[in-house]
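Hi,

Here is the structure I said I'd pass on. Have a look at it first, and my notes follow underneath.

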Amino acid sequence: MSLDFVSIRAQHSLAEIVARTGLFVPPGVTDYKVCCPMPDHDDRNPSMMLHLRTDRFHCFGCGAHGDVIQWVESVYRVSVGEAIGMIESAAAFPAIVTRSVVESSDQRNIGTRLRCEVPDLERTSIKRVKAVLKEAWYYYSHGQLHDEGHRYLQRRRIFVDALEAEVSDPVVGHTPYGVPDRLLIHLRGHGFTDDEVVDAGLAKRNGRGIIDTFRDRVMMPVKDCDGDVVGFVGRYVGQRPGAPKYLNCTKTVAYDKSINLYRPSRPVLGPTARIIICEGTIDALAIAVVAASAGRSTEFAPVAGSGLAISDAQWGAIVDIHAGTIVLCADGDIPGREANLQWSHALAKRGRGGLVAPWPEGDDPASFLGANGEVGLGSITRSSTLVHISN
Ligand SMILES: [Zn+2]
């Protein structure tokens, strides 16, 4: 089999495979940027770099990367064997849907191809969108799917029972297995139209059909201050190479990942409470879980934006949570340390300082608390370096 891989890579360039996928690649370029065609990446600005000299691709948006075989596996969601079969076959690849903008490193813009349907912000009322999301969350978070979400977290030593008892609601769920439109079928059965499900960000529709947006994912709800589910964050747990690790709902009338924050719970906070800013949804969840298990939920308000990026609107909402100390809890790696520094600057602009939690190199809040439990909370309460940057 390994020989097959080698010969297939030698015989088929990335330029050829990308062109067979239906994307335009001008002759003679070496590095070329296109809108990412991965099914889970709704790429509006070209984020996918094609390295045509080395036959590798890399998406700066969703992290998809690899060689020609992984390209076919990821774009068409097929096994490695099927991908090789497609590459060796003379048959055309199925047309894919991607956004219309394609640009090259020499700034030429070449319009191409098909359009992906995005949620219509006017077609469906926010009330109806929230009703879709509420039913979807019920489906994801009860019965076997709830157990499946629990099992994933338990493997990471995150035990959510105390938190779920405290908030009287599940805090984790899972996408259904089997056919790729299982959630959609369920929602149709509850009287929702396909338009409504698309507008809630839970189904993707193109000329070929309609499928669930979230598949093979552990699901966490994003709620507004009324406690209504407005969107989801899904952690990928499948086997497909190139799938983004975390997926947020696309922008809908109820949800905007640059505005909404993930908060695993909203307890009434005490006077000494700390706002804890995390880069990962599961990190914020892990802190709330350990705090609830220790009976200390009133002391911690963990939040997560969308990865390392936190918008002005989100900073405004974060500093409004509580007047107490803010602890910066990005991961214990180089991007995390840089994020803590950037976050400190953003806080300073708002007249607030931040403490930096000292995660050991390679740790993040979820892994650290998983290993240390309540004792690990001390790393947050005792944290460490005071960062206050004056403007
Ligand atoms: Zn991508």
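Before anything else, one cut-off: a residue is called buried if 20 or more other C-beta atoms lie within 10 Å of its own. Keep in mind too that this is a predicted model.

With that cut-off, take F368, which sits in helix α13 (residues 365-381). It has 26 C-beta neighbours inside 10 Å, so F368 counts as buried. Setting aside residues up to four places away in sequence, F368 touches W359, D363, G376 and S379. The C-alpha atoms of F368 and A357 are 11 Å apart, with the two positions 11 residues apart along the chain.

Now the whole chain. The average pLDDT is 85, and 90% of the residues score at least 70. Two stretches stay under 50: residues 99-115, where the model has 41 contacts beyond four places in sequence, and residues 387-391, with 12 such contacts. I'd read those parts with that in mind.

The secondary structure adds up to 13 helices and 16 strands. The radius of gyration is 22 Å, close to the 21 Å that the globule rule gives for 391 residues, so the chain is as compact as a globular protein of that length. Along the principal axes, the C-alpha atoms fill a box of roughly 70 × 50 × 40 Å. Buried residues make up 45% of the 391. Of the contacts with a separation of 6 or more, 65% are between residues 24 or more positions apart.

The domain assignment gives domain 1 (2-104), domain 2 (126-248) and domain 3 (274-387). Between the C-alpha centres of domain 1 and domain 3 there are 37 Å.

On to the cores. Which residues have the most contacts inside the largest nonpolar core? They are I276, I277 and I287, in a core of 77 residues. Helix α10 (residues 281-293) gives the most to this core, namely 10 residues. The core also draws at least three residues from each of domain 2 (126-248) and domain 3 (274-387). Apart from it lies another core, of 23 residues, including V18, C36, C62 and A64. As background, nonpolar side chains tend to be buried together in soluble globular proteins.

Back to I276: leaving out residues up to four places away in sequence, I276 touches I287, F300, A301, P302, V327, C329 and I380.

Another spot to click on is I158, in the loop between α6 (143-155) and α7 (161-167). Is I158 buried or exposed? It has 23 other C-beta atoms within 10 Å, so I158 is buried. Beyond its neighbours within four places in sequence, I158 is in contact with L153, L285, A286, V289, A366 and G370. The C-alpha atoms of I158 and A371 are separated by 9.6 Å, although these residues are 213 apart along the chain.

Last, helix α5 (residues 126-140). Its 15 residues reach 21 Å from first C-alpha to last, close to the 21 Å expected at 1.5 Å a residue. Buried residues in α5 include V129, V132, L133, A136, W137 and Y140, and also K130 and E135. What covers the buried residues of α5 includes α6, α8 (182-189), α9 (194-199) and the strands β6 (173-174), β9 (217-223) and β10 (229-236).

Cheers

Note on methods: Residues numbered from 1 in each chain as written. Predicted model: local features only at pLDDT ≥ 70, side-chain atom pairs only at ≥ 80, totals over all residues. Core = buried A, V, L, I, M, F, W, Y, C linked by C-beta atoms within 7 Å. Buried ≥ 20, exposed ≤ 12 C-beta atoms within 10 Å, placed from the backbone. Helix = DSSP H or I, 4+ residues; strand = E, 2+ residues; numbered from the N terminus. Domains from an automatic or database assignment. Contact = placed C-beta atoms within 7 Å. pLDDT = per-residue confidence, 0-100. Rg over C-alpha atoms; globule rule 2.2 N^0.38 Å. Expected span 1.5 Å × (residues − 1).
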